[in-house]
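User: I'm new to this protein and would like to learn how to read it piece by piece. Could you walk me through it?

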Amino acid sequence: MNYFHWIAGISLALIWFSRVVDAGLGMRTLADISHPEWNRPSNAADNHVAIIVPARNEEAAIEQALRNLASLEYVNYQVIAVDDRSTDRTGEIMDEVASTSPGNIRVVHIRELPAGWMGKTHAMWTGAKQVRGVPHFSSIWAELGDKNAWLLFTDADVMFRKDALRRAIAYAEAEHADHLVVFPRIIMERASEKMMIAFFQLLFVFGHRPWKVADPKTKDHMGVGAFTLVRCSAYEAIGTYERLRMEVVDDMKLGKVIKNGGFRQRVALGDDLIAIRWAHGARGVINNLTKNFFAVMSFQTWRALLCCVGMAFLNLLPFLGVLIAHGWARVPYAVALASMFSLYYGISRQTEIHPWYFFLHPVSTALFIYTMLRSTFVTLWNGGVEWRGTKYPLDELRKGLV
(Lines give C-alpha, C1' and ligand atoms only; values in the text may rest on other atoms or scores of the structure.)
Protein backbone atom coordinates (compact mmCIF):
# COMPACT_ATOMS: atom_id res chain seq x y z
CA MET A 1 0.00 0.00 0.00
CA ASN A 2 2.87 2.33 0.74
CA TYR A 3 4.25 1.76 -2.77
CA PHE A 4 0.87 2.83 -4.18
CA HIS A 5 0.95 6.06 -2.19
CA TRP A 6 4.47 6.86 -3.33
CA ILE A 7 3.67 6.22 -7.01
CA ALA A 8 0.28 7.95 -6.92
CA GLY A 9 1.53 10.83 -4.78
CA ILE A 10 4.58 11.57 -6.90
CA SER A 11 2.48 11.36 -10.08
CA LEU A 12 -0.07 13.78 -8.70
CA ALA A 13 2.60 16.14 -7.39
CA LEU A 14 4.29 16.26 -10.80
CA ILE A 15 1.00 16.74 -12.65
CA TRP A 16 -0.28 19.56 -10.46
CA PHE A 17 3.09 21.29 -10.08
CA SER A 18 3.66 21.21 -13.85
CA ARG A 19 0.26 22.90 -14.32
CA VAL A 20 1.22 25.60 -11.84
CA VAL A 21 4.44 26.33 -13.73
CA ASP A 22 2.74 26.16 -17.13
CA ALA A 23 -0.22 28.33 -16.12
CA GLY A 24 1.91 30.73 -14.10
CA LEU A 25 4.16 31.45 -17.07
CA GLY A 26 1.48 31.11 -19.73
CA MET A 27 -1.23 33.34 -18.31
CA ARG A 28 1.24 36.22 -18.16
CA THR A 29 1.53 36.09 -21.94
CA LEU A 30 -2.19 36.76 -22.46
CA ALA A 31 -3.03 40.38 -23.15
CA ASP A 32 -5.65 42.12 -21.05
CA ILE A 33 -7.37 44.46 -23.48
CA SER A 34 -8.98 46.37 -20.61
CA HIS A 35 -5.54 47.81 -19.78
CA PRO A 36 -4.71 51.41 -20.81
CA GLU A 37 -2.41 50.43 -23.69
CA TRP A 38 -5.41 49.09 -25.64
CA ASN A 39 -7.49 52.23 -25.16
CA ARG A 40 -6.69 53.28 -28.70
CA PRO A 41 -8.69 55.20 -31.30
CA SER A 42 -10.52 52.75 -33.51
CA ASN A 43 -9.53 52.27 -37.12
CA ALA A 44 -13.20 51.80 -37.90
CA ALA A 45 -12.91 53.07 -41.46
CA ASP A 46 -11.01 49.92 -42.41
CA ASN A 47 -12.67 47.40 -40.06
CA HIS A 48 -16.38 46.77 -40.35
CA VAL A 49 -18.13 44.54 -37.83
CA ALA A 50 -21.42 42.68 -37.88
CA ILE A 51 -22.51 41.50 -34.42
CA ILE A 52 -24.67 38.37 -34.45
CA VAL A 53 -26.92 37.92 -31.40
CA PRO A 54 -29.01 34.72 -31.38
CA ALA A 55 -31.77 34.53 -28.78
CA ARG A 56 -34.46 32.08 -27.80
CA ASN A 57 -36.74 32.98 -24.90
CA GLU A 58 -34.41 35.64 -23.52
CA GLU A 59 -37.00 38.30 -22.64
CA ALA A 60 -35.37 39.00 -19.27
CA ALA A 61 -32.01 40.10 -20.67
CA ILE A 62 -32.36 40.87 -24.37
CA GLU A 63 -33.43 44.52 -24.11
CA GLN A 64 -30.47 45.62 -22.00
CA ALA A 65 -28.05 43.52 -24.07
CA LEU A 66 -29.19 45.09 -27.34
CA ARG A 67 -29.23 48.63 -25.95
CA ASN A 68 -25.65 48.14 -24.76
CA LEU A 69 -24.65 46.94 -28.22
CA ALA A 70 -26.45 49.86 -29.87
CA SER A 71 -24.35 52.34 -27.88
CA LEU A 72 -20.87 50.91 -28.53
CA GLU A 73 -18.05 53.36 -29.18
CA TYR A 74 -17.59 52.18 -32.74
CA VAL A 75 -18.79 53.62 -36.03
CA ASN A 76 -18.93 50.94 -38.70
CA TYR A 77 -20.90 48.14 -37.16
CA GLN A 78 -24.30 46.51 -37.44
CA VAL A 79 -26.19 44.32 -34.95
CA ILE A 80 -28.13 41.38 -36.37
CA ALA A 81 -30.50 40.16 -33.64
CA VAL A 82 -31.91 36.72 -34.43
CA ASP A 83 -35.14 35.63 -32.75
CA ASP A 84 -34.88 31.84 -32.78
CA ARG A 85 -38.50 30.62 -32.51
CA SER A 86 -39.05 32.31 -29.15
CA THR A 87 -42.33 31.59 -27.36
CA ASP A 88 -42.04 34.55 -24.99
CA ARG A 89 -41.69 38.28 -25.74
CA THR A 90 -38.11 38.07 -27.02
CA GLY A 91 -38.98 38.82 -30.66
CA GLU A 92 -41.35 41.63 -29.70
CA ILE A 93 -38.72 43.26 -27.48
CA MET A 94 -36.14 42.98 -30.26
CA ASP A 95 -38.45 44.82 -32.64
CA GLU A 96 -39.13 47.53 -30.06
CA VAL A 97 -35.42 48.12 -29.40
CA ALA A 98 -34.63 48.16 -33.12
CA SER A 99 -37.34 50.75 -33.77
CA THR A 100 -35.88 53.12 -31.16
CA SER A 101 -32.17 52.47 -31.74
CA PRO A 102 -29.88 54.71 -33.82
CA GLY A 103 -30.55 52.42 -36.79
CA ASN A 104 -27.77 49.87 -36.43
CA ILE A 105 -29.97 46.97 -35.24
CA ARG A 106 -31.68 44.61 -37.64
CA VAL A 107 -34.01 41.87 -36.41
CA VAL A 108 -34.44 38.49 -38.08
CA HIS A 109 -37.25 36.17 -36.98
CA ILE A 110 -36.87 32.41 -37.43
CA ARG A 111 -40.22 30.60 -37.38
CA GLU A 112 -39.10 27.01 -38.08
CA LEU A 113 -35.93 25.00 -37.54
CA PRO A 114 -34.79 23.06 -40.63
CA ALA A 115 -33.91 19.39 -40.22
CA GLY A 116 -30.28 18.64 -39.43
CA TRP A 117 -29.59 21.81 -37.45
CA MET A 118 -29.16 22.78 -33.82
CA GLY A 119 -31.23 25.83 -33.02
CA LYS A 120 -28.34 28.06 -31.98
CA THR A 121 -25.98 27.13 -34.82
CA HIS A 122 -28.79 27.70 -37.32
CA ALA A 123 -29.56 31.09 -35.76
CA MET A 124 -25.92 32.19 -35.97
CA TRP A 125 -25.58 30.91 -39.54
CA THR A 126 -28.78 32.72 -40.47
CA GLY A 127 -27.61 35.94 -38.85
CA ALA A 128 -24.23 35.86 -40.58
CA LYS A 129 -25.89 35.07 -43.91
CA GLN A 130 -28.25 38.04 -43.52
CA VAL A 131 -25.34 40.44 -43.20
CA ARG A 132 -24.75 40.38 -46.93
CA GLY A 133 -28.32 41.51 -47.43
CA VAL A 134 -27.79 44.72 -45.46
CA PRO A 135 -27.17 47.50 -48.04
CA HIS A 136 -24.45 49.23 -45.99
CA PHE A 137 -22.55 46.01 -45.40
CA SER A 138 -23.10 44.64 -48.89
CA SER A 139 -21.24 47.62 -50.34
CA ILE A 140 -18.44 47.08 -47.83
CA TRP A 141 -18.14 43.41 -48.76
CA ALA A 142 -18.02 44.30 -52.44
CA GLU A 143 -15.41 47.00 -51.95
CA LEU A 144 -13.10 45.33 -49.45
CA GLY A 145 -13.84 41.67 -49.83
CA ASP A 146 -13.85 39.81 -46.52
CA LYS A 147 -10.37 40.65 -45.25
CA ASN A 148 -11.40 43.68 -43.18
CA ALA A 149 -14.96 42.58 -42.52
CA TRP A 150 -15.56 40.93 -39.15
CA LEU A 151 -18.28 38.87 -37.54
CA LEU A 152 -18.73 38.99 -33.78
CA PHE A 153 -20.81 36.16 -32.34
CA THR A 154 -22.14 36.74 -28.85
CA ASP A 155 -24.98 35.61 -26.57
CA ALA A 156 -28.21 37.37 -25.73
CA ASP A 157 -27.40 37.75 -22.03
CA VAL A 158 -23.92 39.26 -22.43
CA MET A 159 -23.44 42.87 -21.36
CA PHE A 160 -20.86 44.94 -23.26
CA ARG A 161 -18.98 47.98 -22.02
CA LYS A 162 -19.00 50.81 -24.55
CA ASP A 163 -15.34 50.47 -25.46
CA ALA A 164 -15.24 46.66 -25.66
CA LEU A 165 -15.45 46.34 -29.44
CA ARG A 166 -13.04 49.19 -30.12
CA ARG A 167 -10.38 47.64 -27.87
CA ALA A 168 -10.92 44.15 -29.31
CA ILE A 169 -10.51 45.34 -32.90
CA ALA A 170 -7.37 47.28 -31.93
CA TYR A 171 -5.85 44.14 -30.43
CA ALA A 172 -6.94 41.85 -33.28
CA GLU A 173 -5.41 44.18 -35.85
CA ALA A 174 -2.18 44.58 -33.86
CA GLU A 175 -1.84 40.79 -33.71
CA HIS A 176 -2.98 40.25 -37.32
CA ALA A 177 -5.46 37.79 -35.87
CA ASP A 178 -8.18 36.00 -37.81
CA HIS A 179 -10.03 34.86 -34.72
CA LEU A 180 -10.14 36.49 -31.30
CA VAL A 181 -11.72 35.10 -28.15
CA VAL A 182 -12.14 37.43 -25.17
CA PHE A 183 -12.87 35.94 -21.76
CA PRO A 184 -15.83 37.62 -20.06
CA ARG A 185 -16.21 38.52 -16.42
CA ILE A 186 -18.59 35.99 -14.90
CA ILE A 187 -21.00 37.59 -12.46
CA MET A 188 -21.27 35.39 -9.38
CA GLU A 189 -23.63 36.19 -6.52
CA ARG A 190 -23.67 32.93 -4.57
CA ALA A 191 -20.94 30.92 -2.86
CA SER A 192 -22.05 27.77 -4.67
CA GLU A 193 -21.54 29.48 -8.04
CA LYS A 194 -18.03 30.55 -7.10
CA MET A 195 -17.19 27.04 -5.92
CA MET A 196 -18.39 25.43 -9.16
CA ILE A 197 -16.97 28.03 -11.53
CA ALA A 198 -13.57 27.87 -9.82
CA PHE A 199 -13.46 24.14 -10.50
CA PHE A 200 -14.64 24.68 -14.08
CA GLN A 201 -11.77 27.09 -14.65
CA LEU A 202 -9.33 24.52 -13.32
CA LEU A 203 -10.70 22.05 -15.86
CA PHE A 204 -9.76 24.56 -18.55
CA VAL A 205 -6.22 24.67 -17.20
CA PHE A 206 -5.98 20.92 -17.81
CA GLY A 207 -7.99 20.57 -21.00
CA HIS A 208 -7.32 23.79 -22.90
CA ARG A 209 -4.28 25.97 -22.43
CA PRO A 210 -5.30 29.46 -23.56
CA TRP A 211 -1.70 30.65 -23.68
CA LYS A 212 -0.88 27.96 -26.28
CA VAL A 213 -3.69 28.89 -28.66
CA ALA A 214 -1.49 31.39 -30.54
CA ASP A 215 1.14 28.71 -31.21
CA PRO A 216 0.44 27.18 -34.65
CA LYS A 217 2.43 24.08 -33.68
CA THR A 218 -0.02 23.07 -30.94
CA LYS A 219 -3.56 21.71 -31.18
CA ASP A 220 -4.79 23.98 -28.38
CA HIS A 221 -7.79 26.01 -29.49
CA MET A 222 -10.42 28.12 -27.80
CA GLY A 223 -13.98 29.30 -28.17
CA VAL A 224 -16.22 31.32 -25.88
CA GLY A 225 -19.86 31.96 -26.69
CA ALA A 226 -19.81 35.40 -25.08
CA PHE A 227 -17.24 36.89 -27.47
CA THR A 228 -16.04 35.26 -30.68
CA LEU A 229 -14.63 37.70 -33.25
CA VAL A 230 -13.68 36.21 -36.62
CA ARG A 231 -12.68 37.65 -39.96
CA CYS A 232 -15.25 36.91 -42.62
CA SER A 233 -12.55 35.52 -44.89
CA ALA A 234 -11.64 32.92 -42.26
CA TYR A 235 -15.28 32.22 -41.40
CA GLU A 236 -16.17 31.46 -45.00
CA ALA A 237 -12.97 29.51 -45.63
CA ILE A 238 -13.76 27.01 -42.87
CA GLY A 239 -17.27 26.42 -44.21
CA THR A 240 -19.26 28.86 -42.02
CA TYR A 241 -21.56 27.62 -39.28
CA GLU A 242 -23.06 25.22 -41.80
CA ARG A 243 -20.10 22.98 -41.04
CA LEU A 244 -21.13 22.94 -37.36
CA ARG A 245 -24.83 22.31 -37.91
CA MET A 246 -25.28 19.72 -35.13
CA GLU A 247 -22.52 20.75 -32.74
CA VAL A 248 -23.67 21.21 -29.14
CA VAL A 249 -20.39 22.82 -28.06
CA ASP A 250 -20.31 25.05 -31.12
CA ASP A 251 -18.03 27.78 -29.75
CA MET A 252 -15.16 25.41 -29.01
CA LYS A 253 -15.62 23.55 -32.29
CA LEU A 254 -15.56 26.81 -34.23
CA GLY A 255 -12.23 27.56 -32.56
CA LYS A 256 -11.02 24.08 -33.48
CA VAL A 257 -11.82 24.28 -37.19
CA ILE A 258 -10.37 27.80 -37.42
CA LYS A 259 -7.12 26.66 -35.76
CA ASN A 260 -6.96 23.53 -37.92
CA GLY A 261 -7.56 25.71 -40.97
CA GLY A 262 -4.24 27.45 -40.33
CA PHE A 263 -5.69 30.79 -39.32
CA ARG A 264 -4.23 33.02 -36.61
CA GLN A 265 -6.08 32.55 -33.34
CA ARG A 266 -5.70 34.71 -30.24
CA VAL A 267 -7.12 34.74 -26.71
CA ALA A 268 -7.34 37.85 -24.54
CA LEU A 269 -8.53 38.77 -21.06
CA GLY A 270 -11.23 41.39 -20.84
CA ASP A 271 -11.87 42.11 -17.16
CA ASP A 272 -15.20 43.97 -17.12
CA LEU A 273 -15.37 44.79 -20.85
CA ILE A 274 -17.96 42.05 -21.20
CA ALA A 275 -19.91 40.41 -18.40
CA ILE A 276 -22.37 37.56 -18.06
CA ARG A 277 -24.35 35.84 -15.31
CA TRP A 278 -23.68 32.32 -16.52
CA ALA A 279 -25.60 30.37 -13.88
CA HIS A 280 -27.65 30.81 -10.73
CA GLY A 281 -26.19 28.63 -7.99
CA ALA A 282 -24.56 25.20 -8.18
CA ARG A 283 -27.77 23.73 -9.58
CA GLY A 284 -27.68 26.23 -12.43
CA VAL A 285 -24.12 25.22 -13.31
CA ILE A 286 -25.12 21.55 -13.27
CA ASN A 287 -28.15 22.19 -15.48
CA ASN A 288 -26.11 24.20 -17.99
CA LEU A 289 -23.39 21.56 -18.24
CA THR A 290 -25.79 18.62 -18.45
CA LYS A 291 -26.38 19.58 -22.07
CA ASN A 292 -22.67 19.92 -22.85
CA PHE A 293 -20.64 17.37 -20.91
CA PHE A 294 -21.55 14.20 -22.81
CA ALA A 295 -21.12 16.15 -26.06
CA VAL A 296 -17.58 17.11 -24.98
CA MET A 297 -16.93 13.36 -24.67
CA SER A 298 -18.15 12.94 -28.29
CA PHE A 299 -21.20 11.06 -26.94
CA GLN A 300 -19.00 8.08 -26.04
CA THR A 301 -19.90 6.39 -22.75
CA TRP A 302 -16.46 4.91 -22.14
CA ARG A 303 -14.86 8.33 -22.46
CA ALA A 304 -17.35 9.84 -20.01
CA LEU A 305 -16.69 7.12 -17.44
CA LEU A 306 -12.94 7.39 -17.92
CA CYS A 307 -13.23 11.15 -17.41
CA CYS A 308 -15.02 10.55 -14.09
CA VAL A 309 -12.24 8.25 -12.94
CA GLY A 310 -9.64 10.78 -14.02
CA MET A 311 -11.37 13.63 -12.18
CA ALA A 312 -11.56 11.53 -9.01
CA PHE A 313 -7.89 10.54 -9.22
CA LEU A 314 -6.60 14.05 -9.91
CA ASN A 315 -8.87 15.99 -7.59
CA LEU A 316 -9.90 13.71 -4.71
CA LEU A 317 -6.88 11.47 -4.15
CA PRO A 318 -4.56 14.31 -3.00
CA PHE A 319 -7.01 15.13 -0.18
CA LEU A 320 -7.49 11.46 0.75
CA GLY A 321 -3.84 10.55 0.38
CA VAL A 322 -2.54 13.20 2.73
CA LEU A 323 -4.89 11.78 5.39
CA ILE A 324 -4.40 8.03 4.97
CA ALA A 325 -0.76 7.76 3.82
CA HIS A 326 1.94 7.30 6.43
CA GLY A 327 5.13 9.18 7.11
CA TRP A 328 7.00 10.68 4.21
CA ALA A 329 4.53 9.23 1.72
CA ARG A 330 2.27 12.14 2.61
CA VAL A 331 4.74 14.68 1.22
CA PRO A 332 3.97 14.24 -2.50
CA TYR A 333 0.25 14.55 -1.77
CA ALA A 334 0.96 17.73 0.17
CA VAL A 335 2.91 19.11 -2.80
CA ALA A 336 -0.07 18.36 -5.05
CA LEU A 337 -2.40 20.14 -2.64
CA ALA A 338 -0.09 23.13 -2.36
CA SER A 339 0.05 23.35 -6.15
CA MET A 340 -3.72 23.15 -6.32
CA PHE A 341 -4.04 25.94 -3.77
CA SER A 342 -1.67 28.13 -5.75
CA LEU A 343 -3.90 27.72 -8.81
CA TYR A 344 -6.86 28.87 -6.72
CA TYR A 345 -4.77 31.84 -5.65
CA GLY A 346 -4.10 32.62 -9.31
CA ILE A 347 -7.82 32.46 -10.08
CA SER A 348 -8.54 34.81 -7.17
CA ARG A 349 -6.34 37.48 -8.76
CA GLN A 350 -8.54 37.53 -11.86
CA THR A 351 -11.98 36.88 -10.35
CA GLU A 352 -14.08 37.32 -7.21
CA ILE A 353 -13.29 33.76 -6.13
CA HIS A 354 -11.37 33.67 -2.84
CA PRO A 355 -8.44 31.18 -2.70
CA TRP A 356 -10.01 29.52 0.35
CA TYR A 357 -12.57 27.94 -1.98
CA PHE A 358 -9.78 25.43 -2.38
CA PHE A 359 -11.12 23.67 0.72
CA LEU A 360 -14.42 23.05 -1.10
CA HIS A 361 -12.58 21.47 -4.02
CA PRO A 362 -13.61 17.90 -3.05
CA VAL A 363 -17.26 19.00 -2.99
CA SER A 364 -17.09 20.62 -6.40
CA THR A 365 -15.24 17.56 -7.73
CA ALA A 366 -18.05 15.28 -6.59
CA LEU A 367 -20.64 17.59 -8.15
CA PHE A 368 -18.80 17.69 -11.47
CA ILE A 369 -18.49 13.90 -11.54
CA TYR A 370 -22.22 13.77 -10.85
CA THR A 371 -22.80 16.25 -13.70
CA MET A 372 -20.84 14.12 -16.15
CA LEU A 373 -22.74 10.98 -15.12
CA ARG A 374 -26.03 12.89 -15.24
CA SER A 375 -25.28 14.27 -18.70
CA THR A 376 -24.40 10.79 -19.96
CA PHE A 377 -27.43 9.10 -18.41
CA VAL A 378 -29.95 11.78 -19.42
CA THR A 379 -28.71 11.90 -23.01
CA LEU A 380 -28.75 8.12 -23.40
CA TRP A 381 -32.11 7.76 -21.63
CA ASN A 382 -33.76 10.44 -23.78
CA GLY A 383 -32.03 9.30 -26.95
CA GLY A 384 -30.65 12.77 -27.50
CA VAL A 385 -30.25 16.27 -26.11
CA GLU A 386 -33.24 18.40 -25.20
CA TRP A 387 -32.50 22.09 -24.96
CA ARG A 388 -34.86 25.03 -24.83
CA GLY A 389 -37.85 23.04 -25.94
CA THR A 390 -36.22 21.25 -28.88
CA LYS A 391 -35.01 17.65 -28.89
CA TYR A 392 -32.00 16.68 -31.00
CA PRO A 393 -31.69 12.90 -31.67
CA LEU A 394 -28.48 11.25 -30.50
CA ASP A 395 -27.77 9.55 -33.83
CA GLU A 396 -27.92 12.91 -35.61
CA LEU A 397 -25.69 14.53 -33.00
CA ARG A 398 -23.08 11.80 -33.41
CA LYS A 399 -23.16 12.08 -37.19
CA GLY A 400 -22.76 15.85 -37.00
CA LEU A 401 -19.63 15.82 -34.81
CA VAL A 402 -16.63 17.67 -36.19
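**Reading the model, feature by feature**

Analyst: Let's begin with one residue: valine 20 is found in helix 1, which covers residues 2–26. Keep in mind that this is a predicted model.

User: Which residues is valine 20 in contact with, leaving aside its neighbours within four places in sequence?

Analyst: Skip those neighbours and you find Ser339, Ser342 and Leu343 in contact with valine 20. Now try another pair: valine 20 and valine 97 are 77 residues apart along the chain, and their C-alpha atoms are separated by 46 Å.

User: On to sheets. In what order do the eight strands of the open sheet run?

Analyst: Read a sheet from one edge to the other. Here the order is 1-10-7-9-5-2-3-4, and the pairing is mixed. Strand 1 (31–32) and strand 4 (105–110) are the edge strands, each pairing on one side only. At the strand 1 edge, the partner is strand 10 (residues 265–269), joined by two bridges and running parallel. Look there for aspartate 32, which stands opposite leucine 269 of strand 10.

User: Which strands does helix 4 touch where it packs on that sheet?

Analyst: Helix 4 touches strand 2 (48–55), strand 3 (77–84), strand 4 and strand 5 (149–153). Its direction makes about 150° with that of strand 2. Helix 9, for its part, lies across strand 7 (179–183), strand 9 (228–231) and strand 10, and runs at about 135° to strand 10.

User: What is the order of the open sheet of three strands?

Analyst: That one reads 6-11-8, with mixed pairing. Its edge strands are strand 6 (159–160) and strand 8 (185–186), each paired on one side only. Strand 6 pairs with strand 11 (residues 274–276) in the antiparallel sense, over two bridges. To spot the match, find phenylalanine 160: its bridge partner in strand 11 is isoleucine 274.

User: How about helices against helices? At what angle do the axes of helix 7 and helix 14 cross?

Analyst: Angles from 65 to 115 degrees count as roughly perpendicular. The axes of helix 7 (residues 191–207) and helix 14 (residues 361–382) cross at roughly 75° and come within 9 Å, so these two helices are roughly perpendicular to each other. Helix 7 brings Met195, Met196, Phe199, Phe200, Leu202 and Leu203 to the contact, while helix 14 brings His361, Val363, Ser364, Thr365, Leu367 and Phe368. Sorted by class, that gives nine nonpolar, three polar and no charged residues.

User: And how far apart are the axes of helix 11 and helix 12?

Analyst: Helix 11 (residues 301–315) and helix 12 (residues 317–324) have axes 5 Å apart and pack at an angle of about 45°, so they are oblique to each other. Ala312, Phe313, Leu314 and Asn315 of helix 11 meet Leu317, Pro318 and Phe319 of helix 12. That contact has six nonpolar residues, one polar and no charged.

User: Last topic: how many cavities of 30 Å³ or more does a search of the whole structure find?

Analyst: The search finds one. The largest cavity holds about 60 Å³ of space. Its lining residues include Lys120, Met124, Phe153, Asp155, Tyr241 and Leu254. Helix 4 (119–131) and helix 9 (250–260) are the elements giving two or more residues to that lining, and helix 9 has the largest share, with three residues. By class, the lining has five nonpolar, three polar and four charged residues.

How values were computed. Residues numbered from 1 in each chain as written. Predicted model: local features only at pLDDT ≥ 70, side-chain atom pairs only at ≥ 80, totals over all residues. Heavy atoms only, no water. Axes fitted to C-alpha atoms, helices over the stretch in contact; angles between N-to-C directions. Helix = DSSP H or I, 4+ residues; strand = E, 2+ residues; numbered from the N terminus. Parallel < 35°, antiparallel > 145°, perpendicular 65-115°, else oblique. Contact = heavy atoms within 4.5 Å. Nonpolar A, V, L, I, M, F, W, Y, C, P; charged D, E, K, R; others polar. 1 Å grid on protein atoms, 1.4 Å probe; cavity = no way out; pocket = protein on both sides within 12 Å on 5 of 7 lines; lining within 4 Å. Points joined across faces, edges and corners; volume = space filled by probe spheres on them. Pairing = 2+ DSSP bridges.
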